[in-house]
Amino acid sequence: MSRPAGNPPYAAELGAAKKAVSLAARLCQTVQQEIVQSDIQSKADKTPVTVADYGSQVLVSLVLNMEVTSGSFSMVAEEDSEDLRKDGADEILERITDLVNKTLAEDGSYNILLSKEAILSAIDTGKSEGGPSGRHWVLDPIDGTKGFVRGGQYAIALALLDEGKVVLGVLGCPNLPLTSISNLSDSSSRDQTGALFSAAIGCGAEEQSLDGSPPQKISVCTIDNPVNASFFESYEGAHTMRDFTGSVAEKLGVQAPPVRIDSQAKYGALARGDGAIYWRFPHEGYRETIWDHAAGSIVVTEAGGVVKDASGNDLDFSKGRFLDRDTGIIATNKQLMPSVLKSVQEAIKEKKQASSPL
């Protein structure tokens, strides 16, 4: 794709991604403020899927299709329309349609009114399998649905893969304070919230408010002694082995208690230096999807950080919808990564020895 001289690579795509995520965030905020029981469906895996999840996916798909006209459109996303096409789903589909159209009307950028069928079609633009060739958008329309339903942290996470590599990422975090959350508990009352993080390969990472303040460059913290480090982990105990991470923290000599929040908001907070380490060690058998990490990982790496699996390998987003990774995911700064990896690998070894019969 040709671009105007002087424009950084992926500038048009990044602009479209920021617009898409900001619009989706507006819809999500509306729904979170007025969650009613009928807005929560139960998927087969019992994860609450909300009207906002579908509505967010529709808006992102729509904006990207309107704003980025080059080449064929491919998106790897979490939701599909199957449940919404079943008997009894009409009320929810109607609510999604109304919400999307209301959000579009209030924004005013597009003079468009979507039918229910157009809503279902837009949701199903996210059925791509991704892979190592071509361009694929990668979307988690609401990362951290449990946090969303609980009134806590969540993120709209959008990335672009080009030939299997993540080349840009945008995180919309409507409930994340614009000031540091190093001591955040989910019940904290904060002043201004709503952060938008963005990064394009080779161009650094930025943060701005979701309501449109000028972007500021961000960078990871420079702490080089683990004793002074604080770490982020998942709010939901099911997402990480806390006994294992506790053991790693002990080996490192980390003094601070973990900061536990939902979603890829952790990647954004890490990228602006709120904490020093984010790690995720799911229980055995859990498969990581690419949309859970693509946007967050590039925001951290462009902010000067590093993201690795437990063996010290880069994350590989070219294998389709799932991440090919070893044991867990670690994000931190370049100074701390060697000691964090060493402690993780020691803890893994001990865990294996403890569980293997004599």
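1. UniProt positions are given in the numbering used here, and annotations may be inferred rather than shown by experiment. With that understood, the "binding site" annotation, taken from an unreviewed UniProt entry, covers Glu78, Asp140, Ile142, Asp143 and Asp292. These residues span 215 residues in sequence, yet no two of their C-alpha atoms are more than 10.0 Å apart, so they gather at one spot. The reader should bear in mind that the structure discussed in this note is a predicted model.

2. Two of the annotated residues may be examined in turn, beginning with Ile142. This residue has its place in strand 4, which comprises residues 135-143. Is Ile142 buried or exposed? Its relative accessibility is 1%, and a residue under 20% counts as buried, so Ile142 is buried. Leaving aside residues up to four places away in sequence, Ile142 touches Cys28, Thr50, Ala52, Asp53, Glu78, Phe148, Tyr154 and Ala155. One of these contacts, Glu78, is itself covered by the annotation.

3. Asp143 also has its place in strand 4. With a relative accessible area of 8%, Asp143 is buried. Residues up to four places away in sequence again being left out, Asp143 is in contact with Tyr154, Ala155, Ser263, Gln264 and Asp292. Among these contacts, Asp292 is likewise named in the annotation.

4. Strand 4 leads on to strand 5 (residues 155-162). Strand 4 and strand 5 run antiparallel and are joined by seven bridges, and Trp137 stands opposite Leu160 of strand 5. Strands of a sheet pair through backbone hydrogen bonds, either parallel or antiparallel. Strand 5 is mostly covered, eight of its eight residues being buried. In a regular strand the side chains alternate between the two faces of the sheet. In strand 5, Ala155, Ala157, Ala159 and Leu161 on one side are all buried, as are Ile156, Leu158, Leu160 and Asp162 on the other, and both faces are therefore covered.

5. On to the next pairing: strand 5 and strand 6 are antiparallel, with seven bridges. Leu161 stands opposite Val166 in strand 6. The hairpin of these two strands has two residues between them, and Glu163 takes a positive phi near 50°.

6. Strand 6 (residues 165-177) is in turn joined to strand 7 by seven bridges, the two running antiparallel. Within this pairing, Gly172 has Leu196 of strand 7 as its bridge partner. How many of the eight residues of strand 7 (residues 193-200) are buried? The number is seven, so strand 7 is largely enclosed by the rest of the structure.

7. Strand 7 is also joined to strand 8 (residues 205-209), in the antiparallel sense and by five bridges. Ala199 stands opposite Ala205 in strand 8. Strand 7 and strand 8 form a hairpin with four residues between them, and Gly202 in the turn has a positive phi of about 80°.

8. A further sheet deserves separate attention. Five strands form this open sheet in the order 11-10-12-14-13, with mixed pairing. Strand 11 (259-261) and strand 13 (305-309) stand at the edges and have a single partner strand each, so one side of each is left without a neighbour in the sheet. On average, neighbouring strands of this sheet are turned by 20° against each other, direction ignored. Strand 13 pairs with strand 14 (residues 329-333) in the antiparallel sense over five bridges; there, Val307 has Ala331 of strand 14 as its bridge partner.

9. Two helices lie across strands of this sheet. Helix 6 (residues 242-252) lies across strand 10 (231-234), strand 11 and strand 12 (277-280), and runs at about 145° to strand 12. Helix 9 (residues 337-355) lies across strand 12, strand 13 and strand 14, and runs at about 150° to strand 14.

10. Helix 6 and helix 9 also pack against each other, at an angle of about 130° and with their axes 9 Å apart. The two helices are therefore oblique to each other, and their crossing is right-handed. Which residues of helix 6 meet helix 9? They are Phe244, Ser247, Val248, Lys251 and Leu252, and the residues they meet in helix 9 include Ser339, Val340, Ser343 and Val344. Ser247 is partly exposed, with a relative accessible area of 25%. Ser247 and Ser343 are 96 residues apart in sequence, and their C-alpha atoms are 8.8 Å apart in space.

How values were computed:
Residues numbered from 1 in each chain as written. Predicted model: local features only at pLDDT ≥ 70, side-chain atom pairs only at ≥ 80, totals over all residues. Heavy atoms only, no water. Pairing = 2+ DSSP bridges. Axes fitted to C-alpha atoms, helices over the stretch in contact; angles between N-to-C directions. Contact = heavy atoms within 4.5 Å. Buried < 20%, exposed > 50% of the residue type's maximum accessible area, 1.4 Å probe, protein only. Parallel < 35°, antiparallel > 145°, perpendicular 65-115°, else oblique. Left-handed = near helix turned anticlockwise from the far one by under 90°.
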